[in-house]
Amino acid sequence: MKIIDHINKADGKTLFSLEILPPVKGQDINCTFKTLDPLVELKPAFIDVTYHRQEYIYKQKDNGLLKKYSVRKRPGTVAICSAIQNHYKVDAVPHLICGGFTKEDTEDALIDLNFLGIDNVLVLRGDPIKSEKSFVAEPGGHAFASELVEQVVRMNNGKYLDDELQETYATDFCVGVAGYPEKHFESANLSLDMHYLKRKVALGADYIVTQMFFDNTKYFDFVKKCRAIGITVPIIPGIKPLTTGSQLTTIPKNFFIDLPDALVQEVLKTKDAAEVKQIGIEWCVNQCKELIKNNVPVLHFYTMSNSSNTKYIAEQLF
């Protein structure tokens, strides 16, 4: 089922969804099932699976030549989504990114997803890899998420890269895109960032999922500004609890967001890791209760493949 249909069918009730990471090299599907089993009991409407680009380093050989080595390998998102959807009968949402893909690669991935009965994709540009100072598009690939949205929508209309193809089959993907209540870190300001978000929606995006935030006013203001410029699609808040003291620095550094002063001060008063975790979870529960009270369509949890924290929080809410 499409995400937009899940939301419409819920008739105003806030749904529960989550996002997981692909397992690391050497792990099998049972590792993913072990993460998901406790969460599926809570009946998530859908499960997102992130995509991590393969990364490489070059090592000098004895003869002085450089050899390329892959340093980041994870199972394919397409395969994981298919396994999840077939095992749990829950809609899986693969992340589709620009980085590392040509347009032909993207078309092939969409053909595979359509064949497997996967109805949804979350379209993202993707981050630069560690060896890049800034994002570099693959030769023959897309530089912006808006271009990727456009390709998915074209296939939904039966238009493939080869215009001479006859009797093409139209796909029917529901397309999600990312939104940033505190703006994308590369954008000059929030207004410009929202300008590009509106373009993605105009090109055919069906819903928006936000970057995580810890201050609900950031989300409410973001939604208000979106509606003011004519963005009418559902805007799903992305949620993650703060669970360690080190996250006071790692979350702002990695995700380019602010942490509320009240939360930071409470964490600074703690005596041990257990207290930090408890404060972070209580903050998240209260944050979610306020969002539900304000009729958000879905609470989307970034689990980082840690099921215990998400399960505890979701049990307080659903």
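A residue counts as exposed when its relative accessible area is over 50%, and as buried when that area is under 20%. These two words recur throughout this tour of a predicted model.

**First stop: two lysines in loops**

Select Lys89, which lies in the loop between helix 3 and strand 5. Is Lys89 buried or exposed? Its relative accessibility is 66%, so Lys89 counts as exposed. The backbone also deserves attention here: Lys89 has a positive phi of about 60°, although it is not a glycine. Most residues other than glycine have a negative phi.

Next, select Lys43, in the loop between helix 2 and strand 2 (46-49). Lys43 is not a glycine either, and its phi is positive, at about 60°. With a relative accessible area of 69%, Lys43 is exposed.

**Second stop: aromatic rings**

Now display the side chains of Phe, Tyr and Trp. When rings are paired if their centres lie within 6.5 Å, the count comes to seven aromatic pairs. Select Phe33 and Tyr88, one such pair, whose ring centres are 5.5 Å apart. Why is this pair called edge-to-face? The two planes stand at 90°, and planes over 60 degrees apart count as edge-to-face, so the pair receives that name.

The pair links distant parts of the chain: Phe33 belongs to helix 2 (residues 29-40) and Tyr88 to helix 3 (residues 77-88), 55 residues apart. Both Phe33 and Tyr88 are buried. For a further aromatic group, select Phe16, Phe301 and Phe318, which form one cluster.

**Third stop: helix 2 beside helix 11**

Keep helix 2 in view and add helix 11 (residues 307-315). Two packed helices are described by the angle between their axes and the distance between the axes. For helix 2 and helix 11, the axes come within 9 Å and cross at roughly 5°. Angles under 35 degrees count as roughly parallel, so helix 2 is roughly parallel to helix 11.

To see the contact itself, select Thr35, Pro38 and Leu39 on helix 2, together with Ser307, Thr310 and Lys311 on helix 11. The residues of this contact divide into two nonpolar, three polar and one charged.

**Fourth stop: Thr303 and His300**

Select Thr303, in the loop between strand 10 and helix 11. Thr303 is buried, with a relative accessible area of 5%. Leaving out residues up to four places away in sequence, Thr303 touches Leu18, Glu19, Ile20, Leu39 and Thr310. Leu39 and Thr310 also take part in the contact between helix 2 and helix 11.

Move to His300, in strand 10 (residues 298-302). His300 counts as buried, at 0% relative accessibility. Which residues does His300 touch, not counting residues up to four places away in sequence? They are Ser17, Leu18, Glu19, Phe46, Asp48, Val209, Ile236, Pro237, Gly238 and Ile239. As an exercise in distance, draw a line from the C-alpha atom of His300 to that of Ile231: the two atoms are separated by 20 Å, and the residues are 69 apart along the chain.

**Final stop: helix 5 and its surroundings**

Select helix 5 (residues 145-156). At 1.5 Å a residue, its twelve residues should span 16 Å, and its end C-alpha atoms are 17 Å apart, which agrees. Nine of the twelve residues are buried, so helix 5 is largely enclosed by the rest of the structure. Among the buried residues are Ala145, Leu148, Val149, Gln151 and Met155. Against which elements do the buried residues of helix 5 pack? They pack against strand 5 (91-97), helix 4 (103-115), strand 6 (120-124), strand 7 (174-179) and helix 6 (190-203).

Two residues illustrate these surroundings. Select Ser146, in helix 5; it is buried, with a relative accessible area of 14%. Beyond residues up to four places away in sequence, Ser146 touches Arg199, Lys200 and Leu203. The C-alpha atoms of Ser146 and Val177 are 9.0 Å apart, while the two residues are 31 apart in sequence.

Then select Thr106, found in helix 4. Thr106 counts as buried, at 1% relative accessibility. Leaving aside neighbours within four places in sequence, Thr106 is in contact with Leu96, Phe101, Leu148 and Gln151. Of these contacts, Leu148 and Gln151 are buried residues of helix 5.

The tour ends at Gly158, just after helix 5, where phi is positive at about 80°.

Conventions: Residues numbered from 1 in each chain as written. Predicted model: local features only at pLDDT ≥ 70, side-chain atom pairs only at ≥ 80, totals over all residues. Heavy atoms only, no water. Phe/Tyr/Trp six-rings, centres within 6.5 Å; stacked < 30°, edge-to-face > 60°. Helix = DSSP H or I, 4+ residues; strand = E, 2+ residues; numbered from the N terminus. Buried < 20%, exposed > 50% of the residue type's maximum accessible area, 1.4 Å probe, protein only. Axes fitted to C-alpha atoms, helices over the stretch in contact; angles between N-to-C directions. Parallel < 35°, antiparallel > 145°, perpendicular 65-115°, else oblique. Contact = heavy atoms within 4.5 Å. Nonpolar A, V, L, I, M, F, W, Y, C, P; charged D, E, K, R; others polar. Expected span 1.5 Å × (residues − 1).
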